[in-house]
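Welcome! Here is a short guided look at one protein fold, written for someone new to reading structures. Keep the picture open as you go.

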Amino acid sequence: MDREQLKLEVGRHEWFHAMDLGQGVVTPGRIDVAKQTLPRLKLPASLAGKTVLDIGAWDGFFSFEAERRGAERVLATDSHAWYTRKPAFELARRALGSKVEDYDIDVMDLSPERIGSFDVVLFLGVLYHLRHPMLALEKVRSVCAGHLILETVTDLVWTRYPVMRFYPGSELAGDASNWFGPNPAAVVGMLKAVGFSRVEIVTPRFRPLLYRVGRAIVRRRMYKPFWPAIQNDRIVVHAWR
């Protein structure tokens, strides 16, 4: 489609990721993921010959990025976000001329029998949305043949032993779909408990206190009360079978 038609189509959808679809058209995502998130993930520069699974793909930024890095096959999966927002993913795929595959499936239904196994699994921004995080990680491991890249909210970051904070309401970011915030030690412990042999946190375990205080002040309507808010952060973890 031409540029004007693409701009028109983009405007009809809600976008989570800001993505360059070519022809100077960038989706109006909530975050500029290419600048804010991608560098922190430390994805392999080349995925040539690899099969990649993107769990919770939403509108597909990381699926398309894996393809751009040479992945032999990419499968994007989602369930919750695709109830209403899958057309955005499909539009992006058309605009990019992508061969990324898609499959509607909940994390809890993942299994080698359903989708096979993959060399690289992306599990980004999903864990804290799940009511059964340990079981979810077991499902994720079952379809990971090699390398898992996980990004998640963490909480209680100054607690050294493994713990998780439970969000019974909308305590985290005003979003009732958030359930648990594990601390870094809990993330590492859970991944080892489900069978990953090596686990490495590739971002700082927690960012400086002044950073989190500033964020809590700026976003005080979303993160409250103040003291729990400054114990919240995000990390990226790589794990290998």
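The notes below go through the sheet, the helices around it, a pocket and a few residues worth finding.

This is a predicted model. At its heart for our tour is an open sheet of seven strands with mixed pairing. Helices H4 and H8 each lie against strands of the model: H4 touches S1, S2 and S4, while H8 lies across S5, S8 and S9.

**The sheet**

- Try tracing the strands in the order S3-S2-S1-S4-S5-S9-S8.
- Which strands sit at the edges? They are S3 (101-104) and S8 (198-201), and each of them pairs on one side only.
- On average, neighbouring strands of this sheet are turned by 20° against each other, with direction ignored.
- As a general reminder, the strands of a sheet pair through backbone hydrogen bonds, and they can do so in a parallel or an antiparallel way.

**Strand pairs to look for**

- S1 and S2 are a parallel pair, held by five bridges. To find one of them, start at threonine 51 and look for its bridge partner in S2, arginine 73.
- S5 (residues 144-154) and S9 (residues 233-240) run antiparallel and are joined by eight bridges. Here threonine 152 has isoleucine 235 of S9 as its bridge partner.
- S8 and S9 also run antiparallel, with four bridges between them. Valine 199 is matched with alanine 239 in S9.

**Buried or not along the strands**

- S2 is mostly covered, as five of its six residues are buried.
- How do the side chains of S8 point along the strand? They alternate. Val199 and Ile201 point to one face and are buried, whereas Arg198 and Glu200 point to the other face and are not buried.

**Helix H4**

- H4 packs on the sheet, and its direction makes about 175° with that of S2.
- How many of the eight residues of H4 are buried? Six are, and H4 is described as mostly covered.
- Those buried residues are Phe61, Phe62, Ser63, Phe64, Glu65 and Ala66.
- Their cover includes helix H2 (33-36), helix H3 (38-41), S1, S2, H5 and S4.
- Just after H4 comes glycine 70, with a positive phi of about 100°.

**Helices H5 and H8**

- In H5 (residues 82-96), the buried residues are Trp82, Lys86, Ala88, Phe89, Leu91, Ala92 and Arg93.
- What covers the buried residues of H5? The cover includes helix H1 (3-10), H4, S2 and S3.
- Glycine 97 follows H5 and has a positive phi, near 60°.
- H8 (residues 184-193) runs at about 155° to S5.

**The second largest pocket**

- This pocket has a volume of about 230 Å³.
- Which helix gives the largest share of its lining? That is H4 (residues 61-68), with five residues.
- The lining is made up of Ala18, Met19, Asp20, Val26, Asp32, Ala34, Phe61, Phe64, Glu65, Glu67, Arg68 and Leu96.
- Sorted by class, the lining has seven nonpolar and five charged residues, and no polar ones.

**Residues worth finding**

- In general, most residues other than glycine have a negative phi. The next two bullets show residues with a positive one.
- Glutamine 23 is not a glycine, yet its phi is positive, about 60°. Look for glutamine 23 in the loop between H1 and H2. Is glutamine 23 buried, exposed or partly exposed? Its relative accessibility is 44%, so it counts as partly exposed.
- Tryptophan 58 is not a glycine either, and has a positive phi of about 55°. Its place is in the loop between S1 and H4. Why does tryptophan 58 count as buried? Because its relative accessibility is 18%, and buried means under 20%.
- Lysine 35 lies in helix H2. With a relative accessible area of 68%, lysine 35 is exposed.
- How far apart are lysine 35 and alanine 18? They are 17 residues apart in sequence and 9.8 Å apart in space, C-alpha to C-alpha.

Conventions
Residues numbered from 1 in each chain as written. Predicted model: local features only at pLDDT ≥ 70, side-chain atom pairs only at ≥ 80, totals over all residues. Heavy atoms only, no water. 1 Å grid on protein atoms, 1.4 Å probe; cavity = no way out; pocket = protein on both sides within 12 Å on 5 of 7 lines; lining within 4 Å. Points joined across faces, edges and corners; volume = space filled by probe spheres on them. Nonpolar A, V, L, I, M, F, W, Y, C, P; charged D, E, K, R; others polar. Pairing = 2+ DSSP bridges. Axes fitted to C-alpha atoms, helices over the stretch in contact; angles between N-to-C directions. Contact = heavy atoms within 4.5 Å. Buried < 20%, exposed > 50% of the residue type's maximum accessible area, 1.4 Å probe, protein only.
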